[in-house]
Amino acid sequence: MSDEFYRIKRMPPYVIAEVNAMRHAARQAGRDIIDLGMGNPDQPPPQHVIDKLCEVAAKPDAHGYSQSKGIPGLRRAQANYYQRRFGVELDPEREVVVTMGSKEGLSSMATAISAPGDVILAPSPAYPIHTYGFMIAGATIRSVPTTPDEHYWRALDNAMAYTVPRPTVLVCNYPSNPTAETVDLEFYERLVAWAKKNEVWVLSDLAYSELYYDGKPTRSILEVPGAKDVAVEFTSMSKTFSMAGWRIGFCVGNQKLIAALTRVKSYLDYGAFTPVQAAACAALNGPEDVIAQNRARYQARRDVMVESFTRAGWEIPTPPASMFTWAKLPPGFEHMGSLEFSKQLLQHAEVAVAAGVGFGEEGEGYVRIAMVENEQRIRQAARNVKRFLAEHAR
Ligand SMILES: Cc1ncc(COP(=O)(O)O)c(C=O)c1O
């Protein structure tokens, strides 16, 4: 009997898990670790959303299987959100599906639309599901850069010219996890034109749709006229409403892709718990000031993080969006590599960050620092970093 399972063999060790295990062990040993590693919001969702969850959960008829593609009210709420926020019209019946978090949506989409041997274009560095979702489905990844400059377009053209079989799907993710890079509407216009010309489906991951700073709202690929011919977009309640554990996300756009995803999901799941979906409706249909307050909180943290880390001797960039800064290893640490640096930072500065190499080989030389602790803790992290850098210099 073989234990060389086809899919398991294709999955390298999850790098981030190594630092997570160390963080867990340090905490068990009573050490106060400042956790800037995972993108896990530290705030609760708005109170009216929790109230709605409790209200609906108290109903005796709310506990059966729900609808795999999402209850109609939630699909309508998402369509209304796209209309309000991006001016994009969506048919809640055929162009919207509710997913159990956007991560599940992306992986079910990979299952739905790719076969062993298919070639998928995915960014590097990338949020792991952008590559592993397809690798688990048996497809092959051809990496393209994450940075949306001219190299990016050359890489896309080269991929089409030199890859056999021709790539069928492109994943893009702006604001990027991990690099926090953003794009403007012109980028999406060019991408839609490129995808049509090359007959490639586009999956856009817009998980950080509402975490943008300095008054520059993120754009949706679906704002481009005709984008629905080739693209779908994934969004998430996790960061916008601090509902990461609730597992609610969406996929919207091209009807054929939505139908394929809906079909696969109908075999795999019964949808999220109905009270969770009802509460998600309350979030999307409710007051929008909570979204602005959430954004303001992250922007304030970002400013404190950039200022205090830079003063501590580690110059980190100011992200225009997302909940991360993507920082080069400090001078003198480059030789160590991002995984060893992250381990040392945890050990000696009691600060957890995510090693860049965990996001693909192009992530080596960087770490991702998440703004998921309060300003006071971020300042404390900067003081610890300063001490660590000074000790290392000695
Ligand atoms: C870019 C990106 N996409 C998707 C996800 C997954 O979000 P969800 O909680 O909706 O599954 C994350 C979570 O960190 C993310 O950063």
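Here are some notes on helices, a helix pair and a few backbone oddities in this predicted model.

1. Start with the annotation. The UniProt record, an unreviewed entry, puts the feature "domain: Aminotransferase class I/classII large" at residues 32–383. In the model that span is 42% helix and 15% strand, and its end C-alpha atoms lie 14 Å apart.

2. Helix α4 covers residues 72–86, which makes 15 residues. From first C-alpha to last it reaches 21 Å, close to the 21 Å expected at 1.5 Å a residue. Its buried residues are L74, R75, A77, Q78, A79, Y81, Y82 and F86, so you'll find R75 and Q78 in there alongside the likes of L74 and F86. Just after the helix, G87 takes a positive phi of about 70°.

3. What does the buried part of α4 pack against? Three strands and a helix turn up there: β2 (96–99), β7 (231–236), β8 (249–253) and α11 (274–285).

4. That brings us to α11 itself. With 12 residues at 1.5 Å each, the helix should span 16 Å, and the end C-alpha atoms are indeed 16 Å apart, so the two agree. The helix is mostly covered, with 10 of its 12 residues buried. Those are P275, V276, Q277, A278, A279, A280, C281, A282, A283 and L284. They pack against α3 (47–57), α4, β2, α9 (237–240) and β8. Note that β2 and β8 also appear among the partners of the buried α4 residues.

5. Next, a helix pair. Two packed helices are described by the angle between their axes and the distance between the axes. For α7 (residues 150–162) and α8 (residues 185–198), the axes come within 12 Å and cross at roughly 10°. The pair is therefore roughly parallel. On the α7 side the contact is made by E150, Y152, W153, L156, D157 and M160, and on the α8 side by F187, R190, L191, W194 and N198. Sorted by class, that is 7 nonpolar, 1 polar and 3 charged residues.

6. Now for the backbone spots I'd have you look at. Most residues other than glycine have a negative phi, and most peptide bonds are trans. Where are the cis bonds here? One joins Y174 and P175, with omega about -5°, and another joins N177 and P178, with omega about 20°. P175 sits in the loop between β5 (169–172) and α8, and P178 is in the loop between β5 and α8 as well.

7. Two residues other than glycine carry a positive phi. R247, at about 60°, is in the loop between α9 and β8. Is R247 buried or exposed? Its relative accessible area is 32%, so R247 falls in between and counts as partly exposed. E350 has a phi near 55° and is found in the loop between α13 and β10 (351–352).

8. Last, Q347, which lies in helix α13 (residues 338–349). This glutamine has 41% relative accessibility and therefore counts as partly exposed. Leaving aside residues up to four places away in sequence, Q347 touches M22 and R31. For a sense of distance, the C-alpha atoms of Q347 and S308 are separated by 20 Å, and the two residues are 39 apart along the chain.

Note on methods. Residues are numbered from 1 along each chain as its sequence is written. This is a predicted model: local features need pLDDT of at least 70, side-chain atom pairs count only at pLDDT 80 or more; totals for chains, interfaces and linings use all residues. Side-chain values use heavy atoms; hydrogens and water are left out. Helices (H or I, at least four residues) and strands (E, at least two) are DSSP runs, numbered from the N terminus. The expected span of a helix is 1.5 Å times one less than its number of residues. Buried means under 20% relative accessible area, exposed over 50%, partly exposed in between (1.4 Å probe, protein chains only). Contact means heavy atoms within 4.5 Å. Axes are lines fitted to C-alpha atoms, for helices over the stretch in contact, and angles run from 0 to 180 degrees between N-to-C directions. Angles under 35 degrees count as roughly parallel, over 145 as roughly antiparallel, 65 to 115 as roughly perpendicular and the rest as oblique. Ala, Val, Leu, Ile, Met, Phe, Trp, Tyr, Cys and Pro count as nonpolar, Asp, Glu, Lys and Arg as charged, and the others, Gly among them, as polar. UniProt positions are given in the numbering used here, feature names are shortened, and annotations may be inferred rather than shown by experiment.
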